[in-house]
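Reader: Please take a close look at one part of this model, the largest pocket. I would like its lining described first, and then the nonpolar packing.

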Amino acid sequence: MKYNITVQEQEWAQQIWEKLEKKLSAQNERLGSRMPYIPVNGRYEDMGEEHLTWWTNSFWSGILWQAYHATGKQCYAENAAATEERLDRALEEYTGLDHDIGFLWLHTAVADYRLTGNERSKLRGVRAASVLASRFQPAGNYIRAWNHGEDSVAIIDCLMNLPILYWASEVTGDSAWKKLAMAHADTALREILRPDGSSNHIVAFDRESGEVTKKPGGQGYGEGSSWTRGQAWAIYGMALSYRHTGKQEYLDASKRTAHYFLANAALTDYDVVIDFRAPAEPVYYDNTAAACAACGLLELSEHVPELEKPLYVKSAVKLLQRLTERFCNWMTEEDGITTKGSARYDRASDREVPIIYGDYFLAEGILRLLGKDFLIW
C-alpha cells in the first residue's frame with residue numbers, strides 16, 4: 001500500500017468505502033447530472049439551474065470520476081460526462097467565471113481526459129486554464145479571485161485552482177502556464193500564509209501598484225483568525241504545487257501549515273471547528289475542513305522522507321476515522337454524507353450542514369488509503 005497503513009486501518013477504510021459506494025450508487029440514480037450543493041429536506045436541488053458557475057458545481061462530477069476509476073462502473077462516468085457538457089455554456093458565455101475555474105474543470109474535463117483520453121475534454125480544460133491565466137495581475141503577481149468589490153483580492157482557496165495551470169503546461173508543452181501558477185503560489189507564500197503556519201483567507205491589493213492594502217477576515221471568525229478550511233487549502237495546495245514544481249519552499253509551507261493544523265485539531269480530539277481562533281463558545285464544526293486536510297496530509301506524506309511519513313498518514317487516518325464515526329449520514333434515501341460542514345463562520349444558512357465538497361474529499365481520502373484513487377489535481 002502506498003501509505004503503509006495497518007491491516008486494521010485498511011479493513012476500516014474498505015468498510016467505509018463499501019458504505020460510501022452504496023450511498024453513491026443510490027445518489028447516482030437520483031441525481032444524474034445534477035449539480036448538488038447543500039441538501040434541502042434531505043435531497044439535493046440543482047445548483048446548476050440557479051447559478052451555473054457556482055464554484056461547487058463540479059464536485060459531484062469529481063466524486064463520480066473517482067467512483068468510476070475505483071469500480072469501473074460506466075454509470076458513474078456517464079453522469080460525470082453529462083455534467084461536463086452542461087458546463088460548456090459557462091465557457092462560451094464567460095459570465096460569472098472567476099478563479100474557481102480550476103475547481104469547475106479539474107473535476108470535469110481534466111478528470112475525463114485523464115481517465116478516458118477524450119480530446120474534447122482536453123480542449124475544454126485548456127480553454128478553462130486560459131481563462132484562469134487571464135485573471136493574473138502583473139501588479140502584485142497574483143490571480144484575482146472574484147469579480148465583485150472595490151478591492152482586487154487573492155484568497156488561499158486559489159492554491160487548489162492552480163493545478164489546472166500546471167496540467168495545461170504539461171499537456172501543451174507551454175511553460176507559461178506553470179510560471180503563472182508559481183508566481184501566484186510565491187505571492188501566497190509571502191502575503192497569505194503566516195510564519196507560524198496559520199493562514200489569512202483574503203489579501204487585498206491596490207489595483208495599480210500591486211501593494212497589499214489589507215487582510216480582512218473572510219469566511220473565518222474575523223481579521224487575524226484561522227479559518228480551518230483555509231488551513232486545509234494551504235496544506236493541500238502547497239503540497240500540490242510542490243508535486244508539480246519540486247520547489248522546496250512549497251513543501252516546507254505545507255509541512256508548517258500541517259503542523260499548525262494538527263496541533264490545534266488535537267485540542268478538540270480531531271473534531272475540526274470552523275476557526276481555530278474563534279471563541280470557545282459557541283462550538284461550530286466544519287468537517288469539510290477535516291476531510292480536505294486529511295487529503296492534503298496524505299498528499300504531503302508522498303513527498304517527505306520515509307521516517308516523516310507516519311506523522312501525516314496517521315493523522316489523516318485519525319481525522320477520517322473521527323469524521324466517519326461521528327459525522328456521516330449513511331441513509332441511502334437521503335442525500336449528503338458528511339454532516340456538519342460549514343461554508344463560513346458568520347452565516348447560519350450554510351453552517352453545520354452537509355456540503356458536497358465534504359463528500360468529495362471524504363471519498364478521495366478513503367480511496368487514497370485503499371490505493372484506488374486517481375489524482376484529480
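Author: The pocket comes first, then the cores.

This is a predicted model, in which local features need pLDDT of at least 70 and side-chain atom pairs count only at pLDDT 80 or more, while totals for chains, interfaces and linings use all residues. Residues are numbered from 1 along each chain as its sequence is written, and side-chain values use heavy atoms, without hydrogens and water.

The largest pocket (an open set of points on a 1 Å grid over the protein atoms alone, where a 1.4 Å probe fits, with protein on both sides within 12 Å along at least five of seven lines) has a volume of about 640 Å³, counted as the space filled by probe spheres set on the points. It is lined by 32 residues, each with an atom within 4 Å of a point. Closest to the centre are Trp 54, Trp 146, His 148, Gln 219 and Arg 344. The elements giving two or more residues to the lining are β3 (152–155) and β4 (202–205), strands being DSSP E runs of at least two residues. By class, the lining holds twelve nonpolar, ten polar and ten charged residues; Gly counts as polar.

The largest nonpolar core (buried nonpolar residues, under 20% relative accessible area, joined through side-chain atoms within 4.5 Å) has 129 residues, and those with the most contacts inside it include Trp 105, Leu 165 and Trp 377. A second, separate core has six residues, among them Ala 145, Trp 146, Val 153 and Ile 202. Trp 146 thus appears twice, in this second core and among the residues closest to the pocket centre.

Note on methods:
Helices (H or I, at least four residues) and strands (E, at least two) are DSSP runs, numbered from the N terminus. Buried means under 20% relative accessible area, exposed over 50%, partly exposed in between (1.4 Å probe, protein chains only).
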